[in-house]
Amino acid sequence: MDLETGQRDYTHVLRRAHEERDVGLALNLYDEHARVRLVGHGAPPDAPEVFRGKEQIAEYLKNTYLGECSPRVGYSLNDVVEGEGRIVLNVAYEDANGIKVLAAESYVVSRGKIVEQLNIEARKEA
């Protein structure tokens, strides 16, 4: 949080939450009625996996952050001004089964909270 302007550095917070596997830190950024959509292995674009509201998103984050992987956040873009805008991250990790995953994550921020997230994942089997 930038104390002088009252603005959050969303990209920094999301990067830290991913890399430190901090579900609470990430969850604090979401609106109560936010929606997360996942497209990738087993979830095609016309039928994405969807999580609605903080309770479902918390479960999704627990499964994602607390697994046996070591995420690395790469390229990021933060275009959030006065609590409105978009954030884009690329996250790479390898899961416990040796499957390599690259996710492009796009977030929409409104009134200072994440209201929409879309993850598009590509996987490479070990």
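**Close-ups of a predicted model**

Arg111 sits in the loop that links strand 5 to strand 6. This and the other views below come from a predicted model.

**View 1. Arg111 and its positive phi.** Here's a residue with a backbone angle worth a look: Arg111 isn't a glycine, yet its phi is positive, at about 55°. Most residues other than glycine have a negative phi. As for its surroundings, Arg111 has a relative accessible area of 67%, so it counts as exposed, the cut-off being over 50%.

**View 2. Glu82 in another loop.** Move to the loop between strand 3 and strand 4 and you'll find Glu82. Glu82 is not a glycine either, and its phi is positive, near 50°. Is Glu82 buried or exposed? With 67% relative accessibility, Glu82 is exposed.

**View 3. The buried side of helix 1.** Helix 1 runs over residues 10–20, and its buried residues are Tyr10, Thr11, Val13, Leu14, Ala17 and His18. Why do they end up on the same side of helix 1? Because they cover an arc of only 165° around the axis. The general pattern helps here: an α-helix has 3.6 residues a turn, so residues three or four places apart point the same way.

**View 4. What lies over helix 1, and what follows it.** Two helices are part of the cover over the buried residues of helix 1: helix 2 (23–27) and helix 3 (53–65). The cover also includes strand 3 (72–81), strand 4 (84–94), strand 5 (100–110) and strand 6 (113–124). Just past the end of helix 1 comes Arg21, with a positive phi of about 55°.

How values were computed: Residues are numbered from 1 along each chain as its sequence is written. This is a predicted model: local features need pLDDT of at least 70, side-chain atom pairs count only at pLDDT 80 or more; totals for chains, interfaces and linings use all residues. Side-chain values use heavy atoms; hydrogens and water are left out. Buried means under 20% relative accessible area, exposed over 50%, partly exposed in between (1.4 Å probe, protein chains only). Helices (H or I, at least four residues) and strands (E, at least two) are DSSP runs, numbered from the N terminus. The arc is that of the directions from the helix axis to the C-beta atoms. Contact means heavy atoms within 4.5 Å.
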